[in-house]
Amino acid sequence: MNITDIRKMTISELQENIAEQKESLFNLRFQHSINQLDNPMKIVETKKNIAKLLTVLREKELAEKA
């Protein structure tokens, strides 16, 4: 997920995407716990995507207040 694409999203799109990523992270952790996950780096990548989304969401919220 590219940061420039994330910055183009609206606040509602960001919130939807965050929810999807959190659900994906839950599923990846579950698969990892029962040893069905092929690439454990997907967990790290998903966590980074969530962090990027939350950062941009916070930036947009602060921009609205100013």
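Helix packing and salt bridges in a predicted model

Biologist: What do the side chains of Arg58 and Glu61 do?
Modeller: The side chains of Arg58 and Glu61 meet in a salt bridge, at 3.8 Å from N to O, where the term stands for a side-chain nitrogen of Lys or Arg within 4 Å of a carboxyl oxygen of Asp or Glu. Both residues lie in helix 3, three residues apart, which is about one turn of the helix. Helices here are DSSP runs of H or I with at least four residues, strands being E runs of at least two, numbered from the N terminus.

Biologist: What sort of model is this, and which atoms go into the side-chain values?
Modeller: This is a predicted model, in which local features need pLDDT of at least 70 and side-chain atom pairs count only at pLDDT 80 or more, whereas totals for chains, interfaces and linings use all residues. Residues are numbered from 1 along each chain as its sequence is written, and side-chain values use heavy atoms, with hydrogens and water left out.

Biologist: How many salt bridges does a search of the whole structure find?
Modeller: The search finds two. Besides the pair within helix 3, Glu59 bridges to Arg7, with the closest N and O atoms 2.5 Å apart. That pair links distant parts of the chain, since Glu59 sits in helix 3 (residues 41–65) and Arg7 in helix 1 (residues 3–7), 52 residues apart.

Biologist: Is Glu59 buried or exposed?
Modeller: Neither, because its relative accessibility of 37% makes Glu59 partly exposed; buried means under 20% relative accessible area and exposed over 50%, with partly exposed in between, using a 1.4 Å probe and protein chains only. Arg7 is partly exposed at 43%, as are Arg58 at 44% and Glu61 at 30%.

Biologist: Switching to the interior, which residues make up the largest nonpolar core?
Modeller: The seven residues are Ile6, Met9, Leu14, Ile18, Leu53, Val56 and Leu57, a nonpolar core being a set of buried Ala, Val, Leu, Ile, Met, Phe, Trp, Tyr and Cys residues joined through side-chain atoms within 4.5 Å. Helix 2 and helix 3 each supply at least two residues of this core, and the largest share, three residues, comes from helix 3. A second, separate core has five residues, including Leu28, Leu37, Ile43 and Ile50.

Biologist: And what does Met9 touch?
Modeller: Leaving aside residues up to four places away in sequence, Met9 touches Leu14, Asn17, Leu53 and Lys60, where contact means heavy atoms within 4.5 Å.

Biologist: What do the buried residues of helix 3 pack against?
Modeller: They pack against helix 1 and helix 2 (11–33). Thr46 is one of those buried residues, with a relative accessible area of 7%, and beyond residues up to four places away in sequence, Thr46 touches Gln21, Ser24, Leu25 and Leu28. Of these partners, Gln21, Leu25 and Leu28 are among the buried residues of helix 2.

Biologist: How far apart are the end C-alpha atoms of helix 3?
Modeller: They are 37 Å apart, which agrees with the 36 Å that its 25 residues should span at 1.5 Å a residue, the expected span being 1.5 Å times one less than the number of residues. For the 23 residues of helix 2, the expected span and the end-to-end distance are both 33 Å.

Biologist: Last one: what is the phi of Asn35?
Modeller: Asn35 has a positive phi of about 60° although it is not a glycine. Most residues other than glycine have a negative phi. Asn35 is in the loop between helix 2 and helix 3 and is exposed, with a relative accessible area of 71%.
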